Amino acid sequence: MASLQNLYGFDRAQLEQLFVEQGLQAFRGRQLMKWVYHQGKTNFADMTDLPLAMREWLGANCHFSLPEIERQLTSKDGTVKWLLRVGNGDLIEMVLIPEKGRNTLCVSSQIGCVLDCSFCSTGKQGFNGNLTSADIVGQVVLANQMLATREESVTNVVLMGMGEPLLNFDAVIAATNVMKDDHAFGLSKRRVTISTAGVVPAIDKLREITDVALAISLHAPNDELRNELVPINRKYPIEDLMRACKAYVDALGPARKLVIEYTLMRGVNDQPEHAKALAVLLRPLRCKVNLIPFNPFPGSGYERPHRKDIEHFQTVMIRSGFTAMLRTTRGEDIDAACGQLVGQVQDRTRRQSRYKARLEVATPQPVVVQ
Ligand code: SAH
């Protein structure tokens with residue numbers, strides 16, 4: 001028997017196509033989206049304006065299914081972190097950051113990551129596959145279900161959780177389409193951000209098909225240092241990345257900017273000469289800079305920068321004419337930074353030989369057990 005299709009993974013065009021293939025009109029797809037995302041109904045029998053035969057066909061062939069909440073932790077500062085179980089039992093994370101009338105949800109796009117950036121905890125856990133678009137949309141649905149209890153909803157989505165979104169391209173595009181769609185979450189294109197370590201061909205492709213906000217995890221002003229911190233730089237060096245960034249932001253138009261993320265690590269990339277070189281590098285690019293003090297985790301080998309170095313770095317950028325925000329650390333008491341909670345739980349999970357066997361088969365790089 002063919003498996004049921006999880007319709008959370010379908011964007012509007014895909015749903016319309018599904019209906020047309022069943023001999024119905026495309027607008028039925030939009031009707032269905034409104035039931036699901038505006039009325040919160042996922043039982044096809046309740047969708048009374050769909051033809052009965054269609055409701056029956058949907059019931060027999062499709063479903064709406066969400067990741068399972070394995071754990072939910074709330075920090076003193078209001079940050080909420082979920083550990084979610086997807087597909088055949090893998091664990092992923094998502095984090096909700098409430099601040100000043102905004103609810104920013106940080107979602108995962110992959111189970112682990114292949115990129116192995118030297119300072120990232122997710123990279124150390126290896127890679128166990130892509131999330132489906134339904135898993136990505138499902139994260140927003142789950143956060144909204146929690147927020148609905150206080151009559152709020154997710155206002156911003158950032159694909160800055162586990163994984164490299166541009167290496168799970170089609171699923172990420174379908175999911176961000178649902179986030180932006182007025183028949184679904186209706187978020188503005190400025191409030192949906194894809195964050196990438198710099199998969200240059202995918203940035204070029206992205207420009208052709210979407211207009212979401214783009215954040216680049218730069219972390220270094222020159223190739224020598226970036227090769228060490230973000231190994232994908234060896235394949236797509238800074239010059240190529242800057243060319244793709246400029247093309248993307250040009251396509252967005254003059255009112256919009258790229259976000260450059262720069263994680264500051266003590267004595268590694270946080271010195272005045274790094275700031276000055278960064279300002280020179282970014283001068284031709286319409287962008288703002290997000291400075292993120294390194295979030296330490298056991299065995300990382302890096303340290304959080306000194307306060308005075310962070311402030312000096314920010315001052316250099318501002319004096320050079322950039323908007324340079326310092327991202328404050330949130331949810332420290334619940335290990336809200338990337339990959340950290342899964343890291344703890346996975347140590348236990350690894351004892352299950354089934355999981356271990358899968359990791360050994362699927363992981364393209366050695367799994368570092370901390
Ligand atoms: N792969 C994507 C998205 C996931 S990482 C990307 O690279 O952009 C999201 C952001 O968190 C990236 O800017 C990443 O470099 C940063 N990050 C990862 N580990 C960190 C840590 N321990 N401390 C501070 N920032 C970190």
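In the predicted model, the side chains of Gln110 and Asn130 form a polar contact at 2.7 Å. A polar atom of the Gln110 side chain also lies 2.9 Å from the backbone nitrogen of Glu164. Gln110 belongs to strand β7, which spans residues 110-112. The relative accessibility of Gln110 is 2%, so this residue counts as buried. Beyond the neighbours within four places in sequence, the contacts of Gln110 comprise Ile92, Phe127, Gly129, Asn130, Leu131, Met162, Gly163, Glu164, Leu167 and Asn168. Asn130 and Glu164, the partners in the polar pairs described above, thus appear in this set. Gly163, another residue in contact with Gln110, is also listed among the residues closest to the ligand.

The ligand is surrounded by 20 residues, of which Gly163, Ser195, Ser217, His219 and Asn295 are the closest. By class, this shell consists of ten nonpolar, eight polar and two charged residues. Strands β10 (192-196) and β12 (258-264) each contribute at least two residues to the shell. Polar atoms of the protein approach the ligand from both side chain and backbone. A polar side-chain atom of Ser217 is 2.5 Å from a ligand oxygen atom, and a polar backbone atom of Ala197 is 3.5 Å from an oxygen atom of the ligand. A nitrogen atom of the ligand lies 3.2 Å from a polar side-chain atom of Thr263. Of the 540 Å² of accessible area that the ligand has on its own, 94% is covered by the protein.

Leu214 is located in strand β11, residues 213-217. With a relative accessibility of 0%, Leu214 is classed as buried, because buried residues are those under 20%. When residues up to four places away in sequence are not counted, Leu214 touches Thr193, Ile194, Thr196, Ile203, Leu206, Tyr248, Leu258 and Val259. Among these, Thr193, Ile194 and Thr196 fall within the range of β10, while Leu258 and Val259 fall within that of β12. The C-alpha atoms of Leu214 and Cys245 are 8.7 Å apart, with a separation of 31 residues in sequence.

Helix α10 covers residues 272-282, and His274, Ala275, Leu278, Ala279 and Leu282 are buried within this helix. Viewed down the axis of α10, the buried residues occupy an arc of 135 degrees and therefore line one face of the helix. In an α-helix there are 3.6 residues a turn, so residues three or four places apart point the same way. Glu273, Lys276 and Val280 are exposed on the other side of α10. The elements against which the buried residues of α10 pack are α8 (223-229), α9 (238-252), β12, β13 (287-293) and α11 (307-319). Strand β12, one of these elements, also supplies residues to the shell around the ligand.

Within α10, His274 has a relative accessibility of 11% and so counts as buried. The side chain of His274 reaches the backbone oxygen of Val268 at 3.4 Å. Apart from neighbours within four places in sequence, His274 is in contact with Pro221, Leu225, Tyr262, Val268, Asn269 and Phe313. Of these residues, Leu225 lies in the range of α8, Tyr262 in that of β12 and Phe313 in that of α11.

Note on methods
Residues numbered from 1 in each chain as written. Predicted model: local features only at pLDDT ≥ 70, side-chain atom pairs only at ≥ 80, totals over all residues. Heavy atoms only, no water. Near = heavy atom within 4 Å. Polar contact = N/O pair within 3.5 Å; in protein donor to acceptor, adjacent residues only side chain to side chain. Areas by Shrake-Rupley, 256 points an atom, 1.4 Å probe, with all protein chains shown as cover. Helix = DSSP H or I, 4+ residues; strand = E, 2+ residues; numbered from the N terminus. Nonpolar A, V, L, I, M, F, W, Y, C, P; charged D, E, K, R; others polar. Buried < 20%, exposed > 50% of the residue type's maximum accessible area, 1.4 Å probe, protein only. Arc of directions from axis to C-beta. Contact = heavy atoms within 4.5 Å.
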